[in-house]
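Please open the structure in your viewer and keep the selection panel at hand. The stops below say what to select and what to look for.

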Amino acid sequence: MTDLPTMSDLPAFRRRGGLRGRSLIPVGGERDVGVNRLPRDILPLPPEESRRNVSWRPGVFGALDIGTTKMTCLIGKGEADGSIQVLGYGWRRSHGIRSGSIVDIRETEAAIRATVGQAEEAAERRMDSLVVNLSCGRPLSRLVDAQIPIGGREVTAGDVQRLIAEGQARAWMEGREVIHTLPIGYVVDSIPGIADPIGHQCEELATRMHVVDMNSSALRTLDAVLQHAELKLDGLVASPFASGVSVLAAEERELGVTVVEMGGGTTSLAVFCEGKLLHTAQIRVGGLHVTRDIAGVLSTSLETAERLKTMYGAAQMGSDDQREILSVPLIGENSDRLVRLQRSRVISVIQPRIEETLELVRQSLDNAGLGRLANGRVVLTGGASLLEGIVPVATRILGRPVRMGKPQNIYGLPETAAASAGFSTAAGLLAWAAGADRDFGDISAPEPKPRGLVKRLVGFLRNNV
C-alpha cells in the first residue's frame with residue numbers, strides 16, 4: 001500500500017503537469033506543506049474589459065516647445081494603433097529666452113521662424129497654428145472650491161456649466177489669465193468622488209477645480225511674437241503637464257505620481273492622482289545653471305562647459321572619477337592654454353547644484369498641501385535629467401521612489417531613445433493637440449472681463465469626442 005495521494009486528490013494545477021512556479025498557483029490559495037496550512041478561499045475580481053484604442057483627432061497637428069536652451073517643433077498625426085508618428089521636426093538653439101520667459105522679441109521670433117520652418121520643410125506642409133508650452137508668465141497652480149444650489153431636482157449639463165463658471169469667477173485675479181481649468185471631482189449632497197454629476201438628484205452640487213493661470217502681459221507678448229512669425233496659438237499647455245502626458249502610463253496617473261521636468265532654464269513639476277492633475281509648480285533653476293557653474297569655476301567657455309557636462313558630467317562621484325584626466329581650454333589671457341584636471345573636479349561643481357535643485361523640488365512638494373497624494377513615485381524627465389547617477393541622488397533627497405521617464409508611443413523624434421527625455425514636453429504637446437486632452441476634461445476659461453484674452457487665444461474645450 002502507498003501513502004501517495006490519488007490523482008483525484010491532487011490540486012488541479014498538479015494534474016495539469018506539475019508545479020512550475022508560483023505564477024501557476026490558482027486563485028484560491030496554495031497548500032503550504034511545511035506548516036500544513038489549509039488553502040484560503042479567495043474571491044477573484046472579474047477580468048477587466050480591454051480598453052479601447054486611443055481615438056485621435058483626424059488630421060495633422062503641430063506643437064512648439066519654447067525652451068530656454070532649445071526650441072522644438074513637431075508636426076505629426078495619430079495612428080490607428082494608438083501611437084503618434086512625427087512627420088517632421090525642427091530643433092534649434094533658443095535665442096531671446098531666459099528662465100522660460102521671452103526677453104528679446106526679435107531674437108525669439110527669428111528662432112521660432114527657423115524652428116517651425118525646419119519642421120514644415122521636413123513634413124512638406126505648412127502649419128498655421130500650433131499648441132505651445134506654458135513656461136513664461138510665472139504660472140501659478142491653485143485649488144478652487146465652488147458650489148451651487150440645485151433644489152432637489154436632477155442635475156443638468158447647464159447646472160454643471162453654471163458651477164464651473166462660479167469656480168472660474170472665484171479663480172479670477174487681476175492681471176492673470178486662466179489657462180487650465182480642471183475639475184478634480186464633484187460632490188453631490190456631501191457625497192464626494194462623483195465623476196459626472198449629470199442625472200443625480202440633489203440639493204447642492206459642489207466641485208473642486210485645479211486652476212493654472214499666468215501673467216496677462218506675458219500671454220500678450222507670446223501671442224504677439226507668434227503673430228509676427230505668422231502663426232496662431234491653438235492652445236497653451238503647462239510644460240510639466242505636457243511632459244506627464246507623454247511619459248506616464250495611465251495607471252501611474254491613477255495611482256499617484258509626480259513628474260519632474262528638468263529643463264535648461266527651469267525645473268517644473270506636476271502631481272497626478274486618480275487620473276487628474278492636482279498641482280504644478282515651477283522652480284527657476286535648470287541645466288543651464290549647471291553649465292554656468294562649470295564655466296565660472298573652471299574659467300572656461302559656456303560651450304566647453306556644456307560639452308563637459310554632457311560628456312563627462314554626473315550627479316555624484318564614482319570610484320574612477322579621480323583617475324580620469326580631462327583637458328580643458330581656458331578663456332581670457334590664457335585662452336590658448338589647456339589645463340589638465342580630474343573628472344571628479346567637474347562633478348564636484350555639478351553635484352551641489354543638482355542637490356540644491358532636488359531639495360527645492362522636495363520643498364515644493366512638501367509645501368503643496370497635498371499630503372500623501374504628493375508622496376508617490378517621482379518620474380524625472382527633461383534634458384537636464386540625463387546626468388549619470390541622478391536617480392539614486394534624487395531617491396535619497398526626495399525620499400520617494402524615482403525612475404527616469406521618456407516619451408511613450410511616439411515615433412520619429414529628433415534624438416535616439418536614450419536621449420529622448422529632452423523632448424518629453426514637445427511630445428506631450430503633440431499628443432495633446434491630437435486628442436490626449438480629452439482624458440483630463442480641461443475646460444475653456446470664460447472672459448472675466450469684456451476684453452479677456454483666453455477666450456480669444458485658447459480653445460481647450462473639445463466637443464468632438
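What follows is a walk through a predicted model, one selection at a time.

**The whole chain**

Begin with everything displayed. The chain carries 12 helices and 19 strands. Of its 465 residues, 48% are buried. Taking contacts between residues at least 6 apart in sequence, 67% join residues at least 24 apart.

**Strands β2 and β3**

Select residues 70-78, which are strand β2, together with residues 84-93, which are strand β3. The two strands pair in the antiparallel sense, over 9 bridges. To find the register, pick Lys 70 in the pair: its bridge partner in β3 is Arg 93. Then move to the turn of this hairpin, where 5 residues lie between the strands. Gly 82 has a positive phi there, near 95°.

Next, add residues 410-411, strand β19. This strand runs parallel to β3 and is joined to β3 by 2 bridges. Ile 84 has Ile 410 in β19 as its bridge partner.

**Thr 72**

Stay with β2 and select Thr 72, which lies in that strand. Is Thr 72 buried or exposed? Its relative accessible area is 0%, so Thr 72 is buried, the cut-off being under 20%. Show its surroundings: leaving aside residues up to four places away in sequence, Thr 72 touches Ala 63, Leu 64, Asp 65, Gly 90, Trp 91, Thr 115, Phe 423 and Ala 426.

**Two residues with positive phi**

Go to the loop between β4 (97-98) and β5 (101-102) and select Ser 99. Ser 99 is not a glycine, yet its phi is positive, near 50°. Its relative accessibility is 13%, so Ser 99 counts as buried.

Now select Arg 138, in the loop between β6 (129-134) and β7. Arg 138 is also a residue other than glycine with a positive phi, in this case about 45°. At 54% relative accessibility, Arg 138 counts as exposed.

**The four-stranded sheet**

From that loop, continue into β7 (140-149). This strand belongs to an open sheet of 4 strands, in the order β7-β10-β8-β9, with antiparallel pairing. The edge strands are β7 and β9 (191-194), each of which pairs on one side only. From one strand to the next, the twist averages 35°.

Inside the sheet, select β8 (residues 176-188) and β10 (residues 204-215), which are antiparallel and joined by 11 bridges. Glu 177 can serve as a marker: opposite this residue, in β10, stands Met 214.

**Helix α4 and its neighbour α2**

Add residues 216-228, helix α4. This helix lies across β8 and β10, and runs at about 60° to β10.

Finally, select helix α2, residues 105-123. At what angle do the axes of α2 and α4 cross? They cross at roughly 50° and come within 9 Å. The two helices are therefore oblique to each other, and their crossing is right-handed.

To view the contact, show side chains on both helices. From α2, the residues involved are Ile 105, Thr 108, Glu 109, Ile 112 and Arg 113; these meet Thr 221, Val 225, Leu 226 and His 228 in α4. Sorted by class, this contact has 4 nonpolar, 3 polar and 2 charged residues.

Notes. Residues numbered from 1 in each chain as written. Predicted model: local features only at pLDDT ≥ 70, side-chain atom pairs only at ≥ 80, totals over all residues. Heavy atoms only, no water. Axes fitted to C-alpha atoms, helices over the stretch in contact; angles between N-to-C directions. Parallel < 35°, antiparallel > 145°, perpendicular 65-115°, else oblique. Left-handed = near helix turned anticlockwise from the far one by under 90°. Contact = heavy atoms within 4.5 Å. Nonpolar A, V, L, I, M, F, W, Y, C, P; charged D, E, K, R; others polar. Buried < 20%, exposed > 50% of the residue type's maximum accessible area, 1.4 Å probe, protein only. Pairing = 2+ DSSP bridges.
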